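Grab a pencil and work through these exercises with the structure open beside you. Try each task yourself before you read the solution.

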Amino acid sequence: MDTLAHPTAPAPDTPRAPVFIALQANHDTLPIVEAIRADNPHAEVLEYPGMVKINAPGVLVIRRESIEEQIGRDYDLREMQLNLISLSGEVDETEDRFTLEWKNA
């Protein structure tokens, strides 16, 4: 990508701002965390009493299909909000993906 043509685009070698999502640590979130791990091998999963925090450099993508594979049923990504504690990053949400990233950082 030509950075002169797109002055807001980060330089290719510039690290992107980190993002995170924190979920309650309970039976419902275990398959969600496993799906996130599978789809985001670059992410760091930190387990605390009562909370799981997932940090990622640049972008974190949560895919509905991956969660459905883990739980064995249809899943609406909005269900994740029942166990959501906090997040950092701009949210881009569709029926199939929940993406966190800083678009202007």
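**Exercise 1. Find out how far apart E34 and R37 sit along helix α1, and what links them.**

Step 1: Go to helix α1, residues 30-39. Helices here are DSSP runs of H or I with at least four residues, strands are runs of E with at least two, and both are numbered from the N terminus.

Step 2: Count along the helix: E34 and R37 are three residues apart, so about one helical turn separates them.

Step 3: Now check the side chains. E34 and R37 form a salt bridge, with 3.4 Å between the closest N and O atoms. (A salt bridge needs a side-chain nitrogen of Lys or Arg within 4 Å of a carboxyl oxygen of Asp or Glu.)

Step 4: Are the two buried or exposed? E34 is partly exposed at 36% relative accessibility, and R37 is partly exposed too, at 34%. (Buried means under 20% relative accessible area, exposed over 50%, and partly exposed in between, using a 1.4 Å probe and protein chains only.)

Before you go on, a word on the model: it is predicted, local features need a pLDDT of at least 70, side-chain atom pairs count only at pLDDT 80 or more, and totals for chains, interfaces and linings use all residues. Residues are numbered from 1 along each chain as its sequence is written, and side-chain values use heavy atoms, with hydrogens and water left out.

**Exercise 2. Look at the other salt bridges: how many does a search of the whole structure find?**

Step 1: The search gives nine.

Step 2: Pick out R73 and E79, whose closest N and O atoms are 2.9 Å apart. R73 has a relative accessible area of 43%, which makes it partly exposed; E79 is partly exposed as well, at 27%.

Step 3: Look for shared partners. E34, R37 and E47 are joined into one network by salt bridges that share partners.

Step 4: Add the pair E65 and R63, with 3.5 Å from N to O. E65 is partly exposed at 43%, and R63 is partly exposed at 23%.

**Exercise 3. Work out the strand order in the three-stranded sheet, and which strands stand at its edges.**

Step 1: Recall the background. Strands of a sheet pair through backbone hydrogen bonds, either parallel or antiparallel.

Step 2: Read off the order: β4-β7-β6, an open sheet with antiparallel pairing. (Two strands pair if DSSP finds at least two bridges between them.)

Step 3: Find the edges. β4 (59-63) and β6 (90-93) each have a single partner strand, so one side of each has no neighbour in the sheet.

Step 4: Zoom in on β4 and β7 (residues 97-101): five bridges join these antiparallel strands. One partner pair is R63 with R97 in β7.

Step 5: Visit D92 in strand β6. D92 is partly exposed at 37% relative accessibility. Leaving out residues up to four places away in sequence, D92 touches R97, F98, T99 and K103. (Contact means heavy atoms within 4.5 Å.) D92 and V61 are 31 residues apart in sequence, with 9.5 Å between their C-alpha atoms.

**Exercise 4. Do it again for the four-stranded sheet: what is the order of its strands?**

Step 1: The order is β2-β3-β1-β5, again an open sheet with antiparallel pairing.

Step 2: At the edges you find β2 (44-48) and β5 (84-88); each has a single partner strand, so one side of each is left without a neighbour in the sheet.

Step 3: Five bridges join β2 to β3 (residues 51-57), and the two run antiparallel. In β3, M51 is the bridge partner of Y48.

**Exercise 5. Zoom out: how many helices and strands does the protein chain have, and in what order do they come?**

Step 1: Count two helices and seven strands. From the N terminus, they run β-α-β-β-β-α-β-β-β.

Step 2: Check the burial: 32% of the 105 residues count as buried.

Step 3: Finish with confidence. The chain averages a pLDDT of 88, and 86% of the residues score at least 70. (pLDDT is the predictor's confidence in each residue, from 0 to 100.) Over residues 1-12 the pLDDT is below 50, and this stretch has five contacts in the model beyond near neighbours in sequence.
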